[in-house]
Amino acid sequence: GTVEVELLAAGPTPPVTASAAHRLQLAAFQSEANARQALEQLLRELPWLAERLVVRPDHGLYRIFATPFVSQEEAQRTAARIARESSHHPIVQNQP
């Protein structure tokens, strides 16, 4: 099937509240097409994560993030589950 990806413009990020302070970076690509292909694979492997996955252009790369997470602990638990259920090993980040 087809997957629609929200592609957000690179630019100032709105202030992040304490309730959305963490995210996971799952992958980064030089090509938007490769990022979209990887996102489709992630959606097949991890359908429970679909509502949190976004592709964002950032410093010349297209990064796939799972966001937002209320706490670092929630982000770390989700990262561990992703690593168990797929070939990805997400990086926990504070949202800029």
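How many helices and strands are there in the protein chain? In this predicted model, the protein chain has two helices and four strands. Along the sequence they follow the pattern β-α-β-β-α-β.

Of the 96 residues of the protein chain, 35% count as buried. The exposed area of the protein chain is about 5900 Å², and carbon and sulfur atoms supply 50% of this area. Among contacts with a separation of 6 or more, 72% are between residues 24 or more positions apart.

The largest nonpolar core contains 18 residues. L24, L26, L49, L53, I64 and A66 have the most contacts inside this core. The elements that give two or more residues to the core are tabulated below.

| Element | Residue range |
|---|---|
| β1 | 22-29 |
| α1 | 32-45 |
| β2 | 53-58 |
| β3 | 61-69 |
| α2 | 72-85 |

Helix α1 supplies the largest share of this core, five residues. In soluble globular proteins, nonpolar side chains tend to be buried together.

Leaving out residues up to four places away in sequence, A66 touches L24, L26, L49 and L53, as well as R23 and R52.

R52 is also touched by E74, a residue of helix α2. The side chains of E74 and R52 are joined by a polar contact of 3.1 Å. Not counting residues up to four places away in sequence, E74 touches F69 as well as R52. E74 and R23 lie 51 residues apart in sequence, with a C-alpha to C-alpha distance of 9.7 Å.

Note on methods:
Residues numbered from 1 in each chain as written. Predicted model: local features only at pLDDT ≥ 70, side-chain atom pairs only at ≥ 80, totals over all residues. Heavy atoms only, no water. Core = buried A, V, L, I, M, F, W, Y, C linked by side-chain atoms within 4.5 Å. Buried < 20%, exposed > 50% of the residue type's maximum accessible area, 1.4 Å probe, protein only. Contact = heavy atoms within 4.5 Å. Polar contact = N/O pair within 3.5 Å; in protein donor to acceptor, adjacent residues only side chain to side chain. Areas by Shrake-Rupley, 256 points an atom, 1.4 Å probe, with all protein chains shown as cover.
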